[in-house]
Amino acid sequence: MLRRGLKSGRLRRIVRGVYVSAHVPDSFDLRVAAVALVVADGHVVVDRTAAWLHGFNAYTPAEHELGPVVETCALRGHQPADRVGVDGRTRDLTADDILVVGGVRVTTPMRTALDLACHLRRREAFAALNGLAREHGFTSAELHRLLPRFRRRRGVVQARKLVPLVDPRLESPRESWTLLAILDAGLPPPTPQHWIEIDGVRTYRLDFAYVHLRVCVEYDGWEAHEQSEEQRRYDEERRAWLRANGWTVIVVRLGDFTGDALDRWIGELRAALCPSYSPRRW
């Protein structure tokens, strides 16, 4: 019955082993209730499941299609969970690392951010740090004060390098990827979410801008078949206005984070940032 309900679209998975009628809207309370059904007493929700409950989605689309595995850890005196749909482990948590949401123990947003900074691949880890910082208003300095507790832990070297770069102004995971690629290339950091004013009115917002050089980098997350004609026309008009007014516009798309595609737009950005005038005579 469940398989038929999923196939017909009448049901959807929330997490592994928990289903809901397809017409029920997604909500924080629904997620908490679903997780509560699979987390045993004496366990704490951690990592990507905790981030999901805190408002940042670190799961892949494929994982959502199957229903995400709930990631937990056992408190002292309890064994890690071994049921289907739950990824159980142990963790050095203190009372300050845990809050209770809807009767479910969950790691705090800051603890969750630092755990993911250690456990996820580098780009995804940076996106999680920025996303949770944006959702919950903590800063790079606050994260840095917690890092000594992670000494000698696997992944802490990566976390130490990423924490100083945290910027809650970044609005999507791919914007985090874009900024990380720029910094990895040794280029100066741009200003995120810069507004262009026309006649004193905020009109266009740029993902990343080098304001004095009139260079901007835009992440375009739309696939060609997903983008509406109206959205396509708006983007074309917007970028045409920017170019007509002296801006160099570099567009980064979904597949542009590795190999030749990455080298191409990084090379374009590097060339655009080279000053055309030098005071030297030779």
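**Exercise 1. Count the disulfides in this predicted model, and explain why Cys73 and Cys118 do or do not form one.**

Step 1. Start with the rule: a disulfide is a pair of cysteine sulfur atoms within 2.5 Å. Before applying it, note that this is a predicted model, in which local features need pLDDT of at least 70, side-chain atom pairs count only at pLDDT 80 or more, and totals for chains, interfaces and linings use all residues. Residues are numbered from 1 along each chain as its sequence is written, and side-chain values use heavy atoms, with hydrogens and water left out.

Step 2. Take Cys73: its closest cysteine sulfur is in Cys118, 14 Å away, which is too far for a bond.

Step 3. Turn it round: for Cys118 the closest cysteine sulfur is that of Cys73, again at 14 Å and too far for a bond.

Step 4. The count is therefore 0 disulfides.

Step 5. Now look at the surroundings, where buried means under 20% relative accessible area, exposed over 50% and partly exposed in between (1.4 Å probe, protein chains only). Cys73 is buried at 1% relative accessibility, and Cys118 is buried at 8%.

**Exercise 2. Work out how many residues of helix 5 are buried, and what they pack against.**

Step 1. Helices (H or I, at least four residues) and strands (E, at least two) are DSSP runs, numbered from the N terminus. Helix 5 covers residues 109-119.

Step 2. Of its 11 residues, 9 are buried; among them are Pro109, Arg111, Leu114 and Cys118.

Step 3. Look for contacts, meaning heavy atoms within 4.5 Å. The buried residues of helix 5 pack against several elements, including helix 3 (47-53), strand 6 (98-101) and helix 6 (122-136).

**Exercise 3. Find the strand order of the open sheet of 4 strands, and say which strands stand at the edges.**

Step 1. Two strands pair if DSSP finds at least two bridges between them. The order is 8-9-10-11, with mixed pairing.

Step 2. Strand 8 (191-198) and strand 11 (248-253) have a single partner strand each, so one side of each lacks a neighbour in the sheet; these are the edges.

Step 3. Check one pair: strand 10 (residues 215-220) and strand 11 run parallel over 6 bridges, with Val215 opposite Thr248.

Step 4. Add the helix that packs here: helix 11 (residues 259-273) touches strand 9, strand 10 and strand 11, and its direction makes about 160 degrees with that of strand 11. Such angles run from 0 to 180 degrees between N-to-C directions, with axes fitted to C-alpha atoms, for helices over the stretch in contact.
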